[in-house]
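Reader: I'm new to this one, so could you take me through it step by step?

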Amino acid sequence: MRTIEKEVLRMELQIGQLINIIANLNERIGHLEDERRKNRPATVHKIPLARRQ
């Protein structure tokens, strides 16, 4: 029974580490998306000129 308890503790630690890895990756992705948005040129909307009558 002791071995099972040790395995459960080890798995809980690994799950915690995986959660931290995923959180760090999500944060990096967010920063990359922010940089990409910042460096992308602004969208220019062309408005047609009114026709002369």
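Author: Let's start with a term: a salt bridge is a side-chain nitrogen of Lys or Arg within 4 Å of a carboxyl oxygen of Asp or Glu. The model is predicted, so local features need pLDDT of at least 70 and side-chain atom pairs count only at pLDDT 80 or more, while totals for chains, interfaces and linings use all residues. Residues are numbered from 1 along each chain as its sequence is written, and side-chain values use heavy atoms, with hydrogens and water left out.

Reader: What does the secondary structure of the chain come to?

Author: Helices (H or I, at least four residues) and strands (E, at least two) are DSSP runs, numbered from the N terminus. Helix α1 takes in residues 2–39. The tally for the chain is zero strands and one helix.

Reader: What radius of gyration does the chain have?

Author: The radius is taken over C-alpha atoms, and the globule rule is 2.2 Å times the number of residues to the power 0.38. For a compact globule of 53 residues that would be near 10 Å. The C-alpha trace spans about 90 × 20 × 5 Å along its principal axes. The chain's own radius of gyration is 26 Å.

Reader: What percentage of the residues count as buried?

Author: Buried means under 20% relative accessible area, exposed over 50%, and partly exposed in between (1.4 Å probe, protein chains only). R2, for one, is exposed at 61%, and I15 is partly exposed at 49%. Of the 53 residues in the chain, the buried share is 0%.

Reader: How far apart are the closest N and O atoms of R2 and E5?

Author: Side chains of opposite charge can pair when their charged atoms come close. R2 and E5 sit three residues apart in helix α1, so about one helical turn separates them. E5 is partly exposed, with 39% relative accessibility. Their salt bridge has its closest N and O atoms at 3.4 Å.

Reader: Which side chain meets R37 in a salt bridge?

Author: R37 is partly exposed at 47% relative accessibility. Its partner is also in helix α1, three residues away, so the two are separated by about one helical turn. The N to O distance is 3.0 Å, and the partner is D34.

Reader: And R10, which side chain does R10 meet in a salt bridge?

Author: R10 is partly exposed, with a relative accessible area of 37%. Its partner lies three residues away in helix α1, which means about one helical turn between them. At 2.7 Å, N to O, the side chain is that of E7.
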